[in-house]
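The exercises below are meant to be worked through with the sequence and the coordinates open side by side. Try each task before reading the solution that follows it.

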Amino acid sequence: MNCHVGNMVCLSQRSQATFRMILPVLILIAVELVHPTVSCKNESCSQLLQHSLRLTRLTSKRTKELLETYKASQGDFADLICEMQLDNVPVSTVSGQTISQRILSVYTHLKEFLPHMKTVMEQQTDLNPPTNPVAEGLNRMITHVTHIAVKVNCILEFLQPNIPIPEPAERPTGIPPAQNIFQQKAYGCIVLTRLQELLSQAVQEQKSLKKGKMCRKTTKDGS
Amino acid sequence: MDTSCNLLLLLMFLHYAVGFTNSCVKILPDSSSSIVLEVGKDFTATCHLLEGSDYTSDDIEWISENGSIPKQSYRRINETAVSVTVNIDSNLNGWLKCRAAKQSLSFVPPCVYGISLHAGYPPLKPKNLSCIAVQEDKDISPNLNCSWDPGLRNPLIDTTYTVYANVLGTTQKHKAECNQYLARSCVVNLETFPIHMILKVWVEVKNALGSEQSELQNDSSYFAKPNPPLNVQVLAEVNIPTSLMVTWKHPIDRTIMKLSYAIRYRKAASEVWIEVPESFTRGYIESFRLQSLEPYTEYVVQMRCIGESKSSYWSDWSLNVANSTAEAKPASAPDLWRIIQPTANNRNVTLIWKDPVKANGKILSYNLSINQGYKMFESPSIKENTVSQMYSMELPPGKMANIEITAFNSVGASPKASLFIPGSDKELPGVEDMSWSVLDGKPESKLQVKWTAVLPPRPTLHLSEYLLEWVKITQSVHQTELQVGWQRVPKNLTITTLNADLEKFKRYNISVYPIYKNHSGHRLFQAGRPVTRPAYIQQGTPIEGPTVKVKKSKKNSAELTWDEIPLDSQRGFITNYTIFYAIGNTKQWKSVTVDPNVHSHVLTDLASETDYVVNVLVSTEAGSFKGTDCTFKTMKYGDGEVEVIVVVVCLGFLFLTVFIIMFCLRKREVIKKMLWPQVPDPSDSSIAHWSPDFPIKADLPKEDVSVVEVDVFDGKSLCEEEKGVLPLKKDKYLSEEHSSGIGGSSCMSSPRHSVSDSDEGDSGQTTSSTVQYSTVLGSGYKGQTPSHQPPAFARSESTQPLLDCEEHPDHLNESQSRSSYFRRGRELEPGVLAPECDGGSLTFCPVQEEEVSPVTEEPPASALSYMPQKSGYRPQ
């Protein structure tokens with residue numbers, strides 16, 4: 001969205017008058033294009049929460065399975081490499097005071113993990129043959145995390161419909177490209193481990209949402 | 001050379017394909033490719049004459065693939081342009097040309113320009129779009145198989161079908177193209193199935209004339225089809241015989257899809273499924289208890305599943321899983337019946353029964369209780385593993401019996417079944433009539449039995465039901481083995497179909513019994529008199545023909561007999577017998593048809609003393625079979641004909657004999673005269689009465705005693721005659737008395753006898769070929785002394801054989817008595833001659849001759865002159 005907005009700004013620099021005329025329209029179009037509210041309207045709050053929770057549980061479970069598969073495929077010292085510390089990997093801690101803030105934290109973290117997962121998948125694809133189950137599983141995890149992000153975004157829309165959801169900037173992972181194989185293995189394991197931790201917390205957050213009867217009002221409203 | 005030719009052709013083609021660029025005309029609209037037009041629409045093209053052209057608009061002509069387009073479709077725009085409007089149909093494919101040419105003779109070359117047209121239809125909107133992703137392993141396959149109904153109209157032009165899929169909230173769009181005409185399905189790969197996401201799928205069909213699309217948007221689970229439940233098991237509940245526990249495993253993780261289940265079951269012997277209401281299995285469960293089942297019954301169970309709230313496709317049904325419920329006490333009584341076979345002084349009662357309909361387990365034994373005449377007769381316990389469920393006993397005709405039977409399985413006993421058998425003279429009435437018919441059906445026919453209703457004879461009796469019994473009749477007509485079946489029919493019915501697998505071509509006896517229930521005292525069930533009819537479920541052609549025998553063959557008829565063919569060979573009711581007969585090998589068959597109950601027949605109007613071939617054809621309604629040929633020959637004479645002939649001949653002979661005898665008796669005098677001509681009787685001659693002074697014998701005429709020719713009728717008479725002259729012979733001859741001896745007479749003598757005689761008396765003669773005959777001469781006539789002078793005889797030699805009488809002297813004696821000749825002499829003068837014989841007279845007196853002959857036999861005193869003999873008799 002930032003990019004699109006940026007483009008609009010560039011256009012406005014070329015033609016100030018034109019920019020002033022079409023800016024509101026363009027902003028509206030851009031917001032409509034990137035905002036996931038369109039998809040969120042196809043589900044009720046309870047369905048959304050239910051699907052999101054199940055998907056998060058499924059992804060958490062599969063991440064756990066994938067982590068085991070990953071460790072099994074990395075040879076000796078798998079447990080050792082998973083305990084290493086890397087600064088550039090996103091943390092899995094969900095922060096925030098309110099439920100909305102914590103859900104937003106989940107959403108932000110999910111978005112942050114996606115480029116790291118893609119990097120790990122690329123590394124694993126290079127390290128192992130294409131039929132590598134880890135790469136295949138990672139690909140599926142990327143899809144699922146993306147889908148969870150969509151669901152969480154919709155939840156946020158339900159939780160705070162009047163507040164725009166800030167999209168985390170797509171930025172480089174910060175991982176140096178010249179990683180050796182050992183570092184790549186450690187990096188992948190840490191990413192998966194932290195992702196699994198994040199998903200577990202996401203499940204808990206959504207459970208708390210369910211307990212908090214987030215959808216009671218909207219259900220009554222008939223949404 | 002070839003290459004240059006090809007190049008030239010290519011250039012010509014290109015020149016033609018791109019149009020006549022150097023032409024003096026041009027068509028608008030123009031296109032380097034085909035112009036696609038919609039069928040049914042009008043299309044207008046304009047032909048322009050280029051600058052410098054020598055033609056005018058009047059020289060322009062439009063030509064399609066079908067030929068020149070009529071001028072009515074032209075519209076002259078100006079001097080250099082003419083348009084044409086054509087209606088596009090599905091056949092309008094090809095070139096539309098504009099040609100400019102002078103109509104009169106001209107040296108200016110014509111100009112031509114063409115555009116390619118292609119007719120078609122815009123695509124129809126796909127209908128009924130549906131997509132499905134099946135479960136693969138523990139996940140849903142990313143391959144989404146979408147199908148739709150493209151409609152029946154062929155677009156005629158290239159049309160593409162593209163399926164798009166998008167997970168709402170994401171920007172990624174998956175697509176798959178299917179370019180074949182009227183494509184109905186396409187598979188789009190989603191890479192990862194978007195679990196719990198909203199999936200939007202649409203199919204877009206596009207061609208040169210337009211595009212259409214159909215869209216589908218739903219939760220992704222609606223596109224998923226799970227596998228059937230895993231590891232379905234059916235477990236019997238030992239203590240609950242009416243229940244089965246069904247267990248299974250979820251085929252897919254609940255995080256992917258939460259399922260609800262459906263269970264259906266049926267009896268193994270049935271094809272009808274019973275489905276458990278879905279509300280009972282709605283939860284995310286892994287077991288269910290089937291209830292209200294029948295004990296000891298095998299059930300087959302199947303399961304399937306669907307996403308919660310029917311949010312997915314139904315899975316397929318799982319494979320059959322079967323198990324049986326546990327045993328329970330028999331819930332119904334055995335079906336008891338009896339067969340009564342009267343014997344000479346008793347009744348042989350065979351009790352037969354079937355397992356209880358609701359046995360609820362394996363029947364292990366039966367307990368029979370038999371009362372005869374209100375006293376316990378016996379109470380055997382019969383194990384189920386016996387070969388047949390039957391029990392035989394003797395029951396006197398006057399006695400009644402009450403039988404009760406109970407079945408036992410491993411859990412308990414069944415209710416009792418009872419049957420009352422009255423005395424022979426106390427049978428209850430049966431139905432009046434019954435009939436049967438065959439109901440043709442597939443795969444097998446059934447026998448339908450109909451009978452008249454019966455009313456109970458007494459108020460205390462109630463009609464309980466009817467019982468239909470069928471007994472297979474085996475080889476012997478009069479012997480029935482216990483291949484028996486029965487079924488009970490409610491009392492309000494008078495027609496039913498036998499639930500029996502009756503064999504084709506086999507005869508059965510179908511009986512209908514009314515079953516009465518006696519309410520006086522104990523409840524007794526008693527059968528009435530049966531009405532029985534033979535029946536076939538299907539009749540066939542006999543497989544054997546009768547063997548015909550000829551019992552009696554006459555001059556013009558023959559009696560044939562044959563035996564009924566064995567019952568198993570009849571294979572149906574015999575409708576008739578047809579007797580075929582023909583003479584010898586002529587094959588000119590004649591036939592006679594007789595009723596099926598006839599087993600002998602007399603063929604009439606046969607030719608006498610003729611060979612016949614006969615056979616008998618036995619027929620049922622399904623066909624016929626010919627018996628073996630039998631050959632016989634008719635007699636030459638009929639009965640009594642020979643006897644009549646013999647009697648007639650005998651009687652004729654008898655009458656003839658009697659007639660002859662009577663004739664002879666009546667005409668005896670005539671016959672006598674004919675046979676024995678009247679010879680003058682010397683004794684009755686006048687000289688006989690003459691009494692001269694000298695001895696009588698001297699007065700006898702000197703003439704010879706005439707020789708008597710004896711007829712064959714009485715040859716012996718001559719012998720007798722000779723006897724008179726025997727004394728004239730030498731002694732030897734006299735001693736033989738009856739023998740005529742050599743040359744005794746003209747009477748027939750056997751040559752043999754003559755030989756012996758001649759040997760003795762005259763050794764100088766051989767009489768084998770020559771017989772000496774002699775003629776006795778009365779030499780003592782007229783003054784001779786005949787008493788002392790033996791008669792001389794002349795011997796002659798003759799080749800005539802001797803008579804028999806000479807061989808049989810006894811005949812001579814008889815002849816003596818029968819010689820009427822001599823008897824007559826005696827009769828005429830009995831009193832006269834006798835004394836004279838004694839007196840040595842020369843009269844014939846044979847009786848006395850014998851006595852006197854020895855005395856008188858003396859050699860002749862003097863030689864007498866013999867009378868000349870004919871035939872050269874040798875003079876003596």
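**Exercise 1.** In this predicted model, determine how many residues of chain A are in contact with how many residues of chain B, and find which three residues supply the greatest share of the area that chain A buries.

*Solution.* Begin with the contacts, where 19 residues of chain A meet 21 residues of chain B. Next take the area buried between the two chains, which is about 1600 Å², with carbon and sulfur atoms giving 60% of it. Finally, divide chain A's part among its residues: A:Arg54, A:Leu58 and A:His147 together supply 31% of what chain A buries against chain B, and no other three residues supply more.

**Exercise 2.** Find how many salt bridges cross the interface of chain A and chain B, and work out which elements of chain A give two or more residues to the side that touches chain B.

*Solution.* The rule accepts a Lys or Arg side-chain nitrogen within 4 Å of a carboxyl oxygen of Asp or Glu, and it finds three salt bridges across this interface. One of the salt bridges in the model joins A:Arg54 to B:Glu308, with the closest N and O atoms 3.1 Å apart. Counting polar contacts between the two chains, with both residues at pLDDT 80 or more, gives five residue pairs. On the chain A side, the elements that contribute two or more residues are α4 (45–73) and α7 (133–159). Sorted by class, that side holds three nonpolar, nine polar and seven charged residues.

**Exercise 3.** Establish how many salt bridges the whole structure has over all chains, and describe where the partners A:Glu167 and A:Lys111 lie in chain A.

*Solution.* A search over all chains finds 28 salt bridges. Among them is the pair A:Glu167 and A:Lys111, whose closest N and O atoms are 3.8 Å apart. This pair links distant parts of the chain, since A:Glu167 lies in the loop between α7 and α8 (181–211) of chain A, while A:Lys111 belongs to helix α6 (residues 99–127), 56 residues away in the chain.

**Exercise 4.** Give the strand order of the four-stranded open sheet in chain B, and explain why one side of β1 and of β6 is left without a neighbour in the sheet.

*Solution.* The order is β1-β3-β7-β6, with antiparallel pairing. Strands β1 (25–28) and β6 (74–78) of chain B stand at the edges and have a single partner strand each, so one side of each has no neighbour in the sheet. Neighbouring strands are turned by 25° against each other on average, direction ignored. Within the sheet, β3 (residues 42–49) and β7 (residues 81–87) of chain B pair over seven bridges in the antiparallel sense, and B:Ala45 stands opposite B:Val84 in β7 of chain B.

Note on methods
Residues are numbered from 1 along each chain as its sequence is written. Chains are lettered from A and ligands numbered from 1 in the order in which they are written. This is a predicted model: local features need pLDDT of at least 70, side-chain atom pairs count only at pLDDT 80 or more; totals for chains, interfaces and linings use all residues. Side-chain values use heavy atoms; hydrogens and water are left out. Two strands pair if DSSP finds at least two bridges between them. Axes are lines fitted to C-alpha atoms, for helices over the stretch in contact, and angles run from 0 to 180 degrees between N-to-C directions. Contact means heavy atoms within 4.5 Å. Buried area is the accessible area (1.4 Å probe) that two parts lose on being put together, summed over both. A polar contact is a pair of N or O atoms within 3.5 Å; within protein, one must be able to donate a hydrogen and the other to accept it, and residues adjacent in sequence count only if both atoms are side-chain atoms. Ala, Val, Leu, Ile, Met, Phe, Trp, Tyr, Cys and Pro count as nonpolar, Asp, Glu, Lys and Arg as charged, and the others, Gly among them, as polar.
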